[in-house]
Amino acid sequence: QAAPCLVGDYAATERLIEQTATQIVYEDGSPLTPTNYPNFATGWGEINALAAVQAAATRCVSTLQGVVSDQSTGQPLQGALVHLYSQAKLDRYLTSGPAGAYSAPVQAGTYTVSVSRAGYAAQTVSNIVVGTSQTVSQNFALAALEPVQISGTARDASGHGYPLAARIEISAPGFSATVYTDAFTGAYQTTLYRGQLYHFAVTPILPGYQILEQDINIGDGGVIDFELLIN
């Protein structure tokens with residue numbers, strides 16, 4: 001299981017188990033030396049399962065790598081979230097570095113990679129085949145989304161409709177921002193990106209109100225109001 005490429009390769013598996021065994025020297029009447037193994041009494045020694053698995057795990061490792069860039073400018077994009085899926089299950093996720101590069105050690109197999117970043121349309125590539133001990137490159141050029149302005153208010157939801165001072169934390173993959181509503185009017189305004197899914201967490205400044213959290217897909221901009229419940 002640690003080395004799928006060794007399945008059915010009995011000779012290689014046997015050599016790996018022999019090479020990682022705990023060596024046992026044998027006193028056969030001759031002067032004892034550190035090299036009197038393998039021998040007919042103790043063979044290659046005692047099987048060390050942990051050492052064998054650790055060694056096997058390095059046999060079949062391949063690399064899936066690439067660069068994430070802006071489709072229009074060609075500039076590398078740092079902080080893009082890269083999801084790796086194998087057999088339709090999430091294998092792992094990582095982020096692109098300063099040069100837009102990502103790299104992940106993987107087992108041989110077929111992968112789907114999805115890349116997302118705030119301000120850009122997500123992109124997915126399927127059926128990326130990675131062979132044994134192979135390095136495969138898959139680059140991504142993301143299209144920039146159009147910035148749009150949103151505004152709204154935070155208000156009491158108990159029926160009074162009082163404006164509330166609140167902290168609004170907005171997040172998306174590779175993006176985070178905080179805006180505050182006006183203490184007298186409850187109004188706020190900010191710029192986000194069309195077609196991007198954001199997580200909003202609205203925390204009232206005054207005690208006695210519940211925190212409101214919700215995911216909102218930004219369309220053409222416009223008004224997004226928040227009504228906060230009393231505890």
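**Strand β10 and the nonpolar cores**

Strands β10 and β13 run antiparallel and are joined by six bridges. The model is a predicted one. Within this pairing, A166 lies opposite P204 of β13.

Strand β10 also pairs with β11, which spans residues 175-180. This pairing is antiparallel too, and has six bridges. Here R167 has Y180 of β11 as its bridge partner. The two strands, β10 and β11, make a hairpin with two residues between them. In the turn, G174 shows a positive phi of about 75 degrees.

The side chains of β10 alternate between two faces. A166, I168, I170 and A172 point to one face and are buried. R167, E169 and S171 point to the other face and are not buried.

In soluble globular proteins, nonpolar side chains tend to be buried together. The largest nonpolar core of this model contains 21 residues. Within this core, I168, F200, I218 and F226 touch the most other members. Two or more residues come from each of β9 (147-156), β10 (166-172), β12 (187-193), β13 (197-204) and β16 (226-228). The greatest contribution is that of β10, with four residues.

The surroundings of I168 were examined beyond its neighbours within four places in sequence. I168 contacts A177, T178, V179, T181 and Y188. F200, A201, V202 and F226 are also in contact with I168. A second core is separate and has 19 residues, among them L77, L94, F140 and L142.

How values were computed. Residues numbered from 1 in each chain as written. Predicted model: local features only at pLDDT ≥ 70, side-chain atom pairs only at ≥ 80, totals over all residues. Heavy atoms only, no water. Core = buried A, V, L, I, M, F, W, Y, C linked by side-chain atoms within 4.5 Å. Buried < 20%, exposed > 50% of the residue type's maximum accessible area, 1.4 Å probe, protein only. Contact = heavy atoms within 4.5 Å. Pairing = 2+ DSSP bridges.
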